[in-house]
Amino acid sequence: MINITFPDGTVKPFPSGSTAFEIASSISQGLARETVVARCNDELIDLSVPLTTDCRLEFLKFSDISGKKVFWHTTAHVCAQAVKRLFPQALPTIGPPIEEGGFYYDFADLNITQEDLKKIENEMKNIVQEGLTPQRIEYSTVQEAREANKDNPYKLAIIDDYQNETLSAYKQGEFIDICKGPHIPRLSMIKAIKLTKLAGAYWRGDAKNEQLTRIYGIGFPENKLLREYEELVAEAARRDHRKIAQEMELFTVDEDIGPGMVLWLPKGNIIKEELERWAKETEQQWGYQRVTTPLITKEGLFHTSEHLPHYTESMFPPMEFDNEKYYIKPMNCPFHHKIFSSRTRSYRELPLRIAEYGWCHRYEQSGALFGLMRVRGMQMNDAHIYCEKKDAVKEFVDVIRLHQYYYEMLGITEYSMELALRDPQSDKYHGDDSMWAEAEELMRKAMELSKVPYTIDVGGAAFYGPKIDFQIKSVIGRSFTASTNQIDLFMPEKFGLTYAGEDGSVQVPVCIHRAPLGTHERFIGFLIEHFAGRFPLWLAPEQIAVLPISKEQGNGANELVQRLKERGLRAVLETGDTLNKRVRDAQLRRIPLMVILGEKELSTGTVAVRTLDGKTTYGVSVDNFVQQVTLNRNKRKLTLPTFANIKTAQ
RNA sequence: GCCCUUUUAGCUCAGUCGGUAGAGCGCUACAUUGGUAAUGUAGAGGCCCCGCGUUCAAAUCGCGGAAAGGGCUCCA
């Protein structure tokens, strides 16, 4: 007998050699039916594995994250099986589950179109109805595994990677795939299947390798779950910043101007300017000084910074005149360094914080461009802080605090930091080991002090030093790198930046790069999705729509609009159509406040205020309305003012 | 850049077998002054993404290009 400990702490004896499935069945038939995989101590195992020693045993359903992954991994095997049936020449490579949900499977020698995807999906549906059960096969020697996969060079490469481990495969019907498992006990558990995308992907993720055909899909144990998933996808599409921006007329791009070049329309420009004004006011209070620098520069500057050659492929090619090459700047840093070195500096004026909403242009790969999120021309909330090394950690913590202030004001609650380090194998970095180690040490210290959770990304560093990215997550779960920050020990040295220390000695400052609001383009793209286009009052391109019910209230409405405009509020008078139509129109334009003026309101000096959620407060006094709205705008509140109803107030 | 997909009116999209175009919204005009998500009637609006080819004839078929969209770390 063996003793099995269950998650609730109970311990029960079972005959040695019992499988997890038998144990689950003995507890409850329902449990056995729903369990997709078991966890024995800390290891995931197939339900069919006989247990011969005491262990902690947990039954995982699809609702568990690990359960989902196993479920989707098995669905990937079904996908490969269907592909092999329909396209026998195709070579399966790898097919893992993915974090965002579902799985992919990469195939070599498979050229298919969107229509074939439907056929494959149908074949998968046939397969799961055949009553197949994945069976584990263990190879006793590498040779045996190689022999079984002798026609598939990709599988052979995988075997070579794992030759020191036990090699196993899973067989379901005629299909065998080398795989460490585990898998779900019965394919019939997969009740709903959807193949979602067809894409290209490089073998082993390396663009130097050949391109494989990747099929993305997802599966569920219930149809209901598939419908919920589809609804989630549809909601994300409705929130897509490109769609909302189109509806709200925020920005456009024009083929004649070029890909990745944004034309900000008047309404989008309002958001841009409001953000910029806010950043200017805030950063002025936090001790920053603003500068303006040119868009182009002689190539020598970028040789000094080593952007040439390290960053060449992200830069637009140079233009030549006066026997000089000039480049469009991809970053503002070298210009700010030149401002630092424009005269001698003393420790007394440090930290020197130089800020600019700088225009940068980067030659992003055409396939990487994505709405406002990845563009070729961008305006960056940039600044460089020059300080003494002893102050670097404190200054960097302040930069993190500034991020937190911005995020809190905008209601961004889900964010984290990612420490990007260099890949020690790669030679694309500037090479001074002690500098890298010191910069990393300083940044880690600041991160620990800030207590913001962080992850580590090896290989993500800038060529001149490690960096910290802020990842922010929108309500629909899409996350983006919003800002990049660094403690830079390299550039000040390269640019010969110095200051006179307290003892009169010549010192090299530390440079902190920071951009809490990232670029206007990406940040506003994010905000559109974050707010679903329903911006807080201060950011809304149109703030108040004034809707007189009939001509009779035309003058009164116009007076109100003028009064609001005098306070710098963006009020628009809407006349002409039926009231229903104008309400609908304002709703679609996502104007946060609608003011309805009828005979009743005019005669009592009140307005009826409708918000985008469809709620109306009647009898709000005009004075109160104007005052509340102005205050809300001035304080850049996240939520709209609430108004007292005169009738209930009296 | 590479793989897959798409491109028809300002927007969303029809367009069958190859016979040079349609709808709704929007826009303009007129009528309508309406109490909280679409008033009615009429009108204007097209290099069917661009180029080359096949054909008596191309939005439609073929080739090339452009732009947009979905993908492209690891995870047998």
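Visitor: What makes M435, W436, A439, L442, M443, A446, M447 and S450 of α14 count as buried?

Guide: Buried means under 20% relative accessible area, with a 1.4 Å probe and protein chains only, and those eight names in α14 meet that cut-off. They sit on the same side of α14 because they cover an arc of only 135° around the axis, taken from the directions from the helix axis to the C-beta atoms. On the other side, D433, S434 and L449 are exposed, that is, over 50%. Mind you, this is a predicted model: local features need pLDDT of at least 70, side-chain atom pairs 80 or more, while totals for chains, interfaces and linings use all residues. Side-chain values use heavy atoms, without hydrogens and water, and residues are numbered from 1 along each chain.

Visitor: What do the buried residues of α14 pack against?

Guide: Their partners are α13, β23, β24, β25 and β26, where contact means heavy atoms within 4.5 Å.

Visitor: How do you know that α14 has close to its expected span?

Guide: The expected span is 1.5 Å times one less than the number of residues. With 18 residues, α14 should reach 26 Å, and its first-to-last C-alpha distance is 26 Å, so the two agree.

Visitor: Why are β8 and β13 called edges of the β8-β9-β14-β13 sheet?

Guide: Each has a single partner strand, so one side of each lacks a neighbour in the sheet. Pairing takes at least two bridges found by DSSP; β8 and β9 have two, so they pair, and they run antiparallel.

Terms used:
Chains lettered and ligands numbered in written order. Helix = DSSP H or I, 4+ residues; strand = E, 2+ residues; numbered from the N terminus.
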